[in-house]
Each structure stands twice: as C-alpha cells, then as structure tokens.
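Good morning, everyone, and thank you for making time for this short talk. Please have the sequence and the structure open beside you while I speak.

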Amino acid sequence: MTTETIEERSRPAGFLGSSASRAAMVLAVLLVTFAGAGTAFALNNNTTPVAAGPHDGQRPEGCVAPDRQLQMYAVELPRDPVTNQIRLGYGLTPETASYPGPTMEMIEGECLAITLHNQVSAETLSQLRTNPTHPLGVSLHVHGVKYTQDSDGTVHSGSFVAPGESRTYTWYAKPRSSRTGSPGTAGYWWYHDHVVGGTHGTQGLNSGLFGGLVVRRQGDVRPDRTYVTAFGDRQSINLRRGAAADNCDLENPVPGPACFVAKIGERVEFIVIGMGDDMHTWHVHGHSWADTRTGMVAGDNKALVDSIPVIDNKTLGPGDSFGVTITAGDSVGPGHWMLHCHMQFHSDLGMATTLHVLDENGQMPPGGHQHREIVNRTPLNNGGSTDGAPAAGGDQSTDPHAGHR
C-alpha cells in the first residue's frame with residue numbers, strides 16, 4: 001500500500017494496431033450503446049429494475065486489485081421482543097449477524113472486495129416494501145470511500161442483491177496525496193442498505209441493516225476497543241432505548257451493541273452515526289476529547305494545539321458520522337458514566353445508555369444496579385414505556401414515517 005495515489009496501469013502496446021482489433025472495438029461500442037439504450041428505455045417505461053450482476057474490472061481508479069476479500073451476509077433476525085418489529089442484520093457469518101453490523105476497518109490505500117449474500121426471504125422483504133412494484137433485494141451502500149456505480153448499492157444502478165443471490169462490492173480507501181491535493185478518505189463512516197422497502201432503503205435502516213466503517217491513515221494509534229453508536233428516531237441508540245439500550249451483565253459484562261464496557265486506561269473509540277430524521281447531540285459524562293480526526297492532539301506546535309477545541313458534546317444530524325476517542329476513566333476513575341443525547345426530551349424518553357469503566361483488575365465498580373434503575377426512570381407524562389426499540393416495524397410497510405413519531 002502507498003500514501004500516494006496509485007496510477008492507472010498502462011494500456012498494452014498494439015491494442016488498436018490491427019484492422020481486426022479496430023473492427024472488434026467498433027462492434028463492442030455498438031453493442032454497449034444499444035444495450036444502454038435498452039436499459040434507459042426500460043427504466044423510462046417504469047419497468048421493475050432487476051439486480052445486475054457485477055462486472056469484471058469495475059473498480060475505482062487507483063484500485064488495481066482487491067487487497068482483501070470478505071463475505072457478508074444479510075439475514076433475518078428474531079423480531080424485536082417489545083415492538084414485534086422485523087429485524088435484519090449484516091454479519092461476516094449468518095450466525096454472527098447483528099445490528100449494527102460488523103465494524104469494518106480499512107487503511108488508506110487499501111482496496112476491499114465484499115461479497116454480500118442475501119439470505120432474507122422474499123416474503124419478509126415484501127412485508128417491508130412501501131410500493132408493490134419495488135424490487136425485492138438488499139444492498140451495501142457506503143459513505144466516505146471510493147466505489148464505482150456498480151458498487152453503489154442502489155436500485156437505479158441495479159447494484160442490489162435479490163433474495164438467495166450474491167454480489168461483490170468494491171471499496172477503495174483512496175490515500176491522501178500531497179502531490180495532487182487529494183484529502184484522502186481517512187475518517188469515520190458508515191454503510192447501510194439502500195434498497196429495502198423503497199428507493200432510499202428507509203425500511204432497511206429501520207430494520208437494522210447498517211454498520212460502522214473506520215478508515216485509518218498509516219501510523220494512526222489503534223484503539224483498544226471500538227463501539228458503534230447509531231442515534232436514530234424514536235430516541236433510539238442502535239435501535240434500542242431505555243432499559244434495552246444497556247443490557248450489560250453487571251457481573252460478567254460482554255461488550256456488544258448494548259454493552260459499552262472498558263477497563264480503566266483503555267483507549268476507547270466510538271463511531272457515531274446519525275440515522276433517521278431527528279437532530280441529536282452525543283455526550284458522555286466524565287470524558288472529553290480533541291475535536292480532530294483521531295481525537296488526539298499531536299506535536300508541540302502551540303499555535304496548532306491552541307486552535308483545536310476540546311469538547312464533550314457534539315451535534316449530530318441525519319446521515320452524519322464522526323469519531324470520538326477517549327481514555328476510559330482518565331482522571332475520573334472507574335464508574336458508570338452516562339452516554340446520551342443532550343436534547344433533553346430525547347434523553348427523558350430513554351435516549352441514554354452507559355459506558356461502564358472497570359477498575360484496573362477488570363472488575364465492575366459498585367453501584368451498577370442503582371445507576372441503571374435511576375437512568376431508566378422516565379417522566380410520568382411521557383406517554384409510554386421507554387423499553388425496547390423504535391417501533392418502525394410491525395406496520396412498517398405502510399408508514400414511511402413510522403420510525404420518528
């Protein structure tokens with residue numbers, strides 16, 4: 001891998017050096033032209049788009065060949081126990097699928113090929129769509145990195161996966177280049193479905209088809225732990241709220257989408273994602289961070305250091321993503337530290353969870369049960385329980401705004 005833009009491979013000599021080659025090229029151009037005209041005719045006449053197969057060589061400029069290949073599965077998970085909403089998830093195996101899906105990590109200069117296998121039944125996808133003519137399928141659409149339209153994960157490009165089928169998507173983490181001025185792609189991003197239910201994949205996101213992506217620059221300090229926090233509609237964190245947003249076993253905590261735990265002194269990284277239609281803020285008690293790409297301040301340049309704000313609360317809009325990196329318990333010690341949206345009525349209605357900082361022996365500090373009981377209390381006039389997840393399900397095929405009432 002390199003820190004400069006990879007140049008396109010040179011074309012073999014004599015490519016058009018014979019009349020036979022030129023004739024073959026003319027014929028190929030005509031075939032592509034007629035095929036494209038046929039596709040445009042079909043779309044303009046409102047026919048249902050069909051998932052197209054991936055084409056060899058459809059890679060972003062700079063990606064000569066994939067450096068790694070991964071298998072990804074979209075599967076149906078057990079319905080939400082509170083709302084009975086349909087739940088879907090991505091996983092590197094069908095058995096490990098979850099929401100959020102697996103956190104993907106790349107290094108600038110790396111090219112990644114991901115083969116998505118759609119194991120969600122046509123029956124389930126039919127229940128989620130808002131238009132009976134909308135095609136059935138799932139997809140991968142990614143933010144931040146480079147890809148061709150063949151890997152866009154959209155209906156209009158045909159780059160989705162029908163039930164029982166597979167498709168390969170190619171992502172390229174373009175490196176920063178001082179020569180060209182390219183900013184690179186290092187940062188905190190996310191990926192999600194863009195097809196389930198409708199053109200924008202709203203029901204796919206509401207059901208759980210999303211995950212975090214971090215692109216690192218060579219030399220970046222690695223965290224000890226990485227968590228994804230997707231703030232969404234109905235005051236949800238990772239499609240959970242209230243008691244469901246923190247299900248850590250206080251005797252034997254297992255890190256996961258609803259259990260944020262770290263040992264004191266560990267470097268903890270959060271990929272923060274904004275989903276749905278609401279504005280939020282991301283706040284964690286007892287900790288702050290430098291508002292930079294890595295959460296750190298490097299070097300001794302006083303003017304530069306003084307220009308970087310240190311914050312403990314950051315605004316998050318729909319589609320936004322950013323990273324937060326903290327040192328667990330730095331100067332404050334072990335404890336049960338609230339992590340929540342600071343829009344007061346959001347947190348009042350259950351948009352809160354906890355970062356559990358263990359002591360140096362890896363033991364949970366005391367007071368966890370009392371803390372959890374207090375955090376999960378809700379105002380008497382909130383109109384309903386805060387347990388469970390946003391109820392965009394059950395009836396989600398008929399109401400595109402069901403997730404944010």
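I will go from the overall make-up of the protein to its cores, then to one sheet, and finally to the spaces inside it and on its surface.

Before anything else, please keep in mind that what we are looking at is a predicted model. The protein has 405 residues, of which 48% count as buried, and its secondary structure consists of six helices and 19 strands. If we take the contacts with a separation of 6 or more, 74% of them are between residues 24 or more positions apart.

Let me turn to the cores, with one general remark first. In soluble globular proteins, nonpolar side chains tend to be buried together. In our model, the largest nonpolar core has 29 residues, and those with the most contacts inside it are Phe231, Phe270, Trp282, Val324 and Leu355. Several strands each supply at least two residues of this core, among them β9, which covers 225-232, β12, which covers 267-274, and β19, which covers 352-358. Apart from this core lies another one, of 27 residues, including Leu112, Ile114, Leu136 and Leu209.

Which residues does Phe270 touch, once we leave aside its neighbours within four places in sequence? Its contacts include Tyr188, Tyr227 and Phe260, and also Trp282, Val324 and Leu355. Trp282, Val324 and Leu355 are, as you may recall, listed with Phe270 among the residues with the most contacts inside the largest core.

Next comes a sheet, which is open and is formed by four strands in the order β3-β8-β7-β5, with mixed pairing. Why do β3 and β5 each have one side without a neighbour in the sheet? These strands, at 104-107 and 141-142, stand at the edges and have a single partner strand each, so one side of each is left free of a neighbour in the sheet. Between them in the order are β8 and β7; strand β7, residues 187-192, and strand β8, residues 210-216, run antiparallel and are joined by six bridges. To take one case, Gly187 has Val215 in β8 as its bridge partner.

I now come to the empty spaces, and I begin with the enclosed ones. Searching the whole structure gives three cavities of 30 Å³ or more, and the largest of these holds about 50 Å³ of space. Its lining includes Gly242, Asp246, Ala352, His371 and Val375, and both β19 and α6, the latter at 368-375, supply at least two lining residues each. Sorted by class, the lining of this cavity has two nonpolar, five polar and two charged residues.

One lining residue, Ala352, deserves a closer look. Ala352 lies in strand β19, and with a relative accessible area of 8% it is buried, because that value falls under the 20% cut-off. Although Ala352 and Val375 are 23 residues apart along the chain, their C-alpha atoms are separated by 7.6 Å, and Val375 is one of the contacts of Ala352, as are Ile237, Gly242 and Leu339.

Finally, the second largest pocket has a volume of about 320 Å³. Of the 22 residues that line this pocket, Asp220, Val221, Arg293, Thr294 and Met296 lie nearest its centre. Strand β8, which we met in the sheet, gives the most to this lining, with three residues, while the lining as a whole has eleven nonpolar, five polar and six charged residues.

How values were computed: Residues numbered from 1 in each chain as written. Predicted model: local features only at pLDDT ≥ 70, side-chain atom pairs only at ≥ 80, totals over all residues. Heavy atoms only, no water. Core = buried A, V, L, I, M, F, W, Y, C linked by side-chain atoms within 4.5 Å. Buried < 20%, exposed > 50% of the residue type's maximum accessible area, 1.4 Å probe, protein only. Contact = heavy atoms within 4.5 Å. Pairing = 2+ DSSP bridges. 1 Å grid on protein atoms, 1.4 Å probe; cavity = no way out; pocket = protein on both sides within 12 Å on 5 of 7 lines; lining within 4 Å. Points joined across faces, edges and corners; volume = space filled by probe spheres on them. Nonpolar A, V, L, I, M, F, W, Y, C, P; charged D, E, K, R; others polar.
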